[in-house]
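Take a look at the structure below. Then follow the walk through its parts, one at a time.

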Amino acid sequence: MGYKRAAEILPAEIIKLIQEYVDGQTIYIPRKARTRKEWGAATNIKQELKKRNEQIYMDYLAGIRVRELALRYCLSVKSIQHIILKIKKTNE
């Protein structure tokens with residue numbers, strides 16, 4: 001995310017109005033709801049996490065204990081349990 005100079009893109013009246021609330025501070029203006037991208041849309045992270053979670057489940061089915069999986073994947077025991085339960089429910 002790059003920063004834009006307000007004076008280059010906003011009318012002076014709007015800048016004066018904003019200055020009444022946040023004079024000299026940096027603010028974030030969110031995207032409109034219809035133009036907002038879904039989480040992970042710009043990267044492959046969703047696919048990578050799905051692949052990792054499937055591997056965790058396969059390791060679990062192969063007999064690796066939850067604590068060992070937590071250490072192996074640098075996750076909490078609760079996270080591993082959640083992943084296993086979610087995939088179990090999906091496969092039912």
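**From pocket to core**

Helix H2 gives the lining of the largest pocket its largest share, four residues. Keep in mind that this is a predicted model. The largest pocket has a volume of about 790 Å³. Its lining counts 21 residues. Closest to the centre are Tyr3, Lys4, Ile27, Tyr28 and Ile29. Two elements give two or more residues to the lining: helix H1 (6-9) and helix H2 (12-22).

Now move along the chain to the largest nonpolar core. Which residues make up the largest nonpolar core? There are ten: Ile56, Tyr57, Ile64, Val66, Leu69, Ala70, Ile80, Ile83, Ile84 and Ile87. Three helices each give two or more residues to this core. They are H3 (45-61), H4 (66-73) and H5 (77-91). The largest share, four residues, comes from H5. Pick out Ile87, one of the ten core residues. Leaving aside residues up to four places away in sequence, Ile87 touches Asn53, Glu54 and Tyr57.

Next, look at helix H3 itself. H3 has 17 residues. From first C-alpha to last, H3 reaches 24 Å, close to the 24 Å expected at 1.5 Å a residue. Which residues of H3 are buried? They are Asn53, Ile56, Tyr57 and Asp59. These buried residues sit on the same side of H3, because they cover an arc of only 160 degrees around the axis. They pack against H4 and H5. Now turn to the face of H3 that points away from the buried side. That face carries the exposed residues Gln47, Lys50, Lys51, Met58 and Leu61. Just after H3 comes Gly63, with a positive phi of about 105 degrees.

One more stop remains. Find Cys74 in the loop between H4 and H5. Phi of Cys74 is near 55 degrees. That is a positive value in a residue other than glycine. Is Cys74 buried or exposed? Its relative accessibility is 69%, so Cys74 counts as exposed. The cut-off for exposed is over 50%.

Put the pieces together. The buried residues of H3 pack against H4 and H5, and all three of these helices give two or more residues to the largest nonpolar core. The lining of the largest pocket, in turn, draws two or more residues from H1 and from H2.

Definitions and conventions
Residues numbered from 1 in each chain as written. Predicted model: local features only at pLDDT ≥ 70, side-chain atom pairs only at ≥ 80, totals over all residues. Heavy atoms only, no water. Core = buried A, V, L, I, M, F, W, Y, C linked by side-chain atoms within 4.5 Å. Buried < 20%, exposed > 50% of the residue type's maximum accessible area, 1.4 Å probe, protein only. Contact = heavy atoms within 4.5 Å. Expected span 1.5 Å × (residues − 1). Arc of directions from axis to C-beta. 1 Å grid on protein atoms, 1.4 Å probe; cavity = no way out; pocket = protein on both sides within 12 Å on 5 of 7 lines; lining within 4 Å. Points joined across faces, edges and corners; volume = space filled by probe spheres on them.
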